[in-house]
Each structure stands twice: as C-alpha cells, then as structure tokens.
Amino acid sequence: MPKMKTHKGAAGRFEVMKNGKLKRRRAGHNHILEKKTSKRKRRLNTETFVSPADEKRIKRLLGVR
C-alpha cells in the first residue's frame, strides 16, 4: 500500500497538542473587522480546541492515530 499523505490545507490550520487534542483558530478574524466590536475581535483572537464530533475526521486528514 502507498503511504498516506498529510492534507496540507488541514496541516496549516490545526495543531496536535501533547494530550492528543487539536488546536484551531476561530473563524471570522480575517476581514471586515471595522464593524466588529473590540470585545468580539478579542474573543475571536483566542485559540480553541476542535469539537469531539470533528476530531476523528481532522485527525485522519493529518495522519494522526
């Protein structure tokens, strides 16, 4: 069987932590920032973890067991 390749789009968006969780950025902090409040932009600036429902699918893209 050929080797499984890492999905490079997913590799740039997610980071695997030591405990096996996946870290991600929040959506909505790239453009159209003028109309968003400072409070909202600060919240969007923080990193968070991928939901358990999506974790299996993303780990497969990254080639993580």
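Where is the place of R65? In this predicted model, R65 belongs to the segment after α3, and the close-up views below begin with the strands and end with that segment.

**View 1. The three strands form an open sheet in the order β1-β2-β3, with antiparallel pairing.** In this arrangement β1 and β3 are the edge strands, each of which pairs on one side only. The pairing between β2 and β3 is antiparallel and runs over two bridges, and here K23 can be found standing opposite F49, a residue of β3.

**View 2. T48 is a residue of strand β3, which spans residues 48–49.** Is T48 buried or exposed? With a relative accessible area of 18%, T48 is buried, because that value falls under the 20% limit used for buried residues. Leaving aside residues up to four places away in sequence, T48 touches L22, K23, R24 and R26.

**View 3. The loop between β1 and β2 holds both K18 and K21.** The relative accessibility of K18 is 92%, and K18 therefore counts as exposed. K21, by contrast, counts as partly exposed, with a relative accessibility of 40%. When residues up to four places away in sequence are not counted, the residues that K21 touches are E15, V16, F49 and E55. Although K21 and S51 are 30 residues apart along the chain, their C-alpha atoms are separated by 9.3 Å.

**View 4. I32 is found in the loop between β2 and α2, the helix of residues 38–45.** What sign does the phi of I32 have? The phi of I32 is positive, at about 55°, although this residue is not a glycine. Such a value deserves a second look, because most residues other than glycine have a negative phi. In sequence I32 and K18 are 14 residues apart, while in space the distance from C-alpha to C-alpha is 34 Å.

**View 5. Helix α3 covers residues 52–62, and I58, K59 and L62 are buried within it.** Why do these buried residues lie on the same side of α3? They cover an arc of only 105° around the axis, and this puts them on the same side of the helix. The general geometry is helpful here: an α-helix has 3.6 residues a turn, so residues three or four places apart point the same way. On the other side of α3, the residues A53, K56, R57 and R60 are exposed. What covers the buried residues of α3 includes the helix α1 (8–13) together with the strands β1 (15–16) and β2 (22–24).

**View 6. The largest pocket contains about 230 Å³ of space.** The pocket is lined by 13 residues, of which G12, R13, R24, R25 and R26 are the closest to its centre. Which elements give two or more residues to the lining of the largest pocket? They are α1 and β2. Sorted by class, the lining of the largest pocket is made up of two nonpolar, four polar and seven charged residues.

**View 7. After α3 comes G63, and R65 lies in the segment after that helix.** The phi of G63 is positive, near 80°. R65 counts as exposed, because its relative accessibility is 96%, and exposed residues are those over 50%. From C-alpha to C-alpha, R65 and D54 are 14 Å apart in space, while in sequence they are 11 residues apart.

Key:
Residues are numbered from 1 along each chain as its sequence is written. This is a predicted model: local features need pLDDT of at least 70, side-chain atom pairs count only at pLDDT 80 or more; totals for chains, interfaces and linings use all residues. Side-chain values use heavy atoms; hydrogens and water are left out. Buried means under 20% relative accessible area, exposed over 50%, partly exposed in between (1.4 Å probe, protein chains only). Helices (H or I, at least four residues) and strands (E, at least two) are DSSP runs, numbered from the N terminus. The arc is that of the directions from the helix axis to the C-beta atoms. Contact means heavy atoms within 4.5 Å. On a 1 Å grid over the protein atoms alone, a cavity is a set of points where a 1.4 Å probe fits but cannot get out, and a pocket is an open set with protein on both sides within 12 Å along at least five of seven lines; lining residues have an atom within 4 Å of a point. Grid points are joined across faces, edges and corners, and a volume is the space filled by probe spheres set on the points. Ala, Val, Leu, Ile, Met, Phe, Trp, Tyr, Cys and Pro count as nonpolar, Asp, Glu, Lys and Arg as charged, and the others, Gly among them, as polar. Two strands pair if DSSP finds at least two bridges between them.
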